[in-house]
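Dear colleague,

I am passing on the structure we spoke about, placed just below, and after it I set out what was found. Please read the notes with the coordinates open beside you.

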Amino acid sequence: MNASELNERLQNVYQRYLEKTYALEWPEGVSAPLLMHVFEEYTTVPCKILVVGQETHRWGQMSTKPGVPELQSNYARFCLGKAANYGEGRKPRCLTSPFWNFSRALFYNFNNQANGITRKTNGFLWTNISKFDAHATTPSQELQEKNRAGFELLKTEIEIVRPDVVVFLTGTKYNHWLDELFNCERRAILDNNYLSQLVGITLADKPLMFQTMHPRTLVMNKRYHDVLTHLQSSCKELQP
């Protein structure tokens, strides 16, 4: 499928999700949902990567009830962290946090043999296991449960965009959702939860799925490059 076809399929799913979500009452400070837009480059790269983070750090407001076109446009303009605009009166800027550096390096390491691929290529996808934040941080357990449909939406997104590799940069705080959504087991690659492969997942098309700590934690504990290296080693058959 090309990007337009994938986005159309996502739009249909997202519309149903928003109708259900906006029918509920939400407290102030809850962000709008993060909805993906597929870039054309994603459909042509040798190895399709989906990076799954924890939650956004501000992403509009749920109370304004933005529609699917607006939310997908926001995602496209954000450009995988290369044009972040938080309404601070400054020009959009490229984010160089450990999360975005890790995501770009991961994508590049898997695809750098293809012509024209750079770390700036919009060739991977990013989403979060929680579709919203609360006051720019992790939603409470009550809010997470209220947004159960948002967690379940992740499975449908994976089935639509069909990545070859999914990497959860979630640490352990969302483990109960991962366990419930995918009925998975963890096969340790590095100890102390630094890198595990998720096996036995309940998806029709089974991508290779991995879980590691948030890249900020990897940097602090000097495991950043170690994790990247072991991810590549674990996916040798996908290398061009």
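In this predicted model, 6 strands form an open sheet with mixed pairing, and their order across the sheet is S2-S1-S3-S6-S5-S4. The edges are S2 and S4 (185-190), each of which pairs on one side only, and from one strand to the next the twist averages 25 degrees. Strands of a sheet pair through backbone hydrogen bonds, which may run in the parallel or the antiparallel sense. S4 and S5 (residues 195-199) are paired in the antiparallel sense over 5 bridges, and within this part of the sheet Arg187 stands opposite Gln197 in S5. Helix H5 (residues 148-161) packs on the sheet, where it touches S1, S2 and S3, and its direction makes about 170 degrees with that of S2.

The other element to look at is helix H3 (residues 98-111), whose 14 residues should span 20 Å at 1.5 Å a residue, and the end C-alpha atoms are indeed 20 Å apart, which agrees. Because 11 of the 14 residues of H3 are buried, this helix is largely enclosed by the rest of the structure. Among the buried residues are the aromatic side chains of Phe99, Trp100, Phe102, Phe107 and Phe110, and the list also includes Arg104, Asn109 and Asn111. What covers the buried residues of H3 includes the strands S1 (49-53), S2 (125-128) and S3 (165-168), together with the helices H2 (68-78), H7 (215-220) and H8 (224-234).

With best regards

Methods. Residues numbered from 1 in each chain as written. Predicted model: local features only at pLDDT ≥ 70, side-chain atom pairs only at ≥ 80, totals over all residues. Heavy atoms only, no water. Helix = DSSP H or I, 4+ residues; strand = E, 2+ residues; numbered from the N terminus. Expected span 1.5 Å × (residues − 1). Buried < 20%, exposed > 50% of the residue type's maximum accessible area, 1.4 Å probe, protein only. Contact = heavy atoms within 4.5 Å. Pairing = 2+ DSSP bridges. Axes fitted to C-alpha atoms, helices over the stretch in contact; angles between N-to-C directions.
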